[in-house]
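Subject: Structure handover

Hello,

Below is the structure you asked about, with its sequence. My notes on what was found in it follow.

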Amino acid sequence: MSFPEWMRRMGKVYKEQGSSIFVEIPLSGFERVMKLIRSHGIAVVNAISGYDSGKNIEILYHFIHTGVVLTVKVKISRKNPSIPSLKELFPSADIFERENHEMLGINFKGNKNLKPILLAEDSPTAPLRKDSGKGCSD
């Protein structure tokens, strides 16, 4: 499949499969790239998933546009897991940011609505962090 050139220019394309393209960008270019995506008529982030690799936290932003699934990966520090919120640019990001805040302890700067939505009050903090004690492990 031929993907739009603007998608290829966002960052490092690390995988293409069927109608999906996967691009990794540096945190320093995050806001610029998200504004670029929005400028191409994409109004919804379809999912945000996170993963604690042990070295850093990887956040994947998933979009669907003209039959193409675009995934943008950003790596952030485990010591200070923080990234700007996309809630204002993509309102659908709110619930996904809340989930990743709760499960991985990511601070989405600018989102004032990071209250828990999934876990019971007595659940461990950030249970999907490898260093949470009760969270997932390899």
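**The pocket**

The lining of the largest pocket is made up of 6 nonpolar, 4 polar and 2 charged residues. Please bear in mind that this is a predicted model, and that the values here are computed from it.

The space in that pocket comes to about 190 Å³. Its lining includes H101, E102 and G105, and also L114, P116, L119 and A120. The remaining lining residues are E121, S123, P124, T125 and A126.

**Two residues with positive phi**

As background, most residues other than glycine have a negative phi. Two exceptions came up.

A126, which lines the largest pocket, has a positive phi near 45 degrees and is not a glycine. A126 lies in the segment after β7, the strand that covers 107-109. Is A126 buried or exposed? With a relative accessible area of 8%, A126 falls under the 20% cut-off, so A126 counts as buried.

T66 is the other residue to look at: its phi is positive, about 45 degrees, and T66 is not a glycine either. T66 sits in the loop that joins β4 (57-65) to β5 (68-76). The relative accessibility of T66 is 64%, which is over the 50% cut-off, so T66 counts as exposed.

**The chain as a whole**

How many helices and strands does the protein have? There are 3 helices and 7 strands. Read from the N terminus, the order of the elements is α-β-β-α-β-β-β-β-α-β.

On overall dimensions, the C-alpha atoms fit a box of roughly 50 × 30 × 25 Å along the principal axes. The radius of gyration is 15 Å, which agrees with the value near 14 Å for a compact globule, because that is what 138 residues would give.

Of the 138 residues in the protein, 43% are buried. The accessible surface is about 7500 Å², and carbon and sulfur atoms account for 51% of that surface.

Contacts were also counted by distance along the sequence. Taking those with a separation of 6 or more, 48% are between residues 24 or more positions apart.

If you open the model, I would start with A126, since two of the notes above meet there: A126 is among the residues lining the largest pocket, and its phi is positive. T66, in the loop between β4 and β5, can be looked at next.

Regards

Methods. Residues numbered from 1 in each chain as written. Predicted model: local features only at pLDDT ≥ 70, side-chain atom pairs only at ≥ 80, totals over all residues. Heavy atoms only, no water. 1 Å grid on protein atoms, 1.4 Å probe; cavity = no way out; pocket = protein on both sides within 12 Å on 5 of 7 lines; lining within 4 Å. Points joined across faces, edges and corners; volume = space filled by probe spheres on them. Nonpolar A, V, L, I, M, F, W, Y, C, P; charged D, E, K, R; others polar. Helix = DSSP H or I, 4+ residues; strand = E, 2+ residues; numbered from the N terminus. Rg over C-alpha atoms; globule rule 2.2 N^0.38 Å. Buried < 20%, exposed > 50% of the residue type's maximum accessible area, 1.4 Å probe, protein only. Contact = heavy atoms within 4.5 Å. Areas by Shrake-Rupley, 256 points an atom, 1.4 Å probe, with all protein chains shown as cover.
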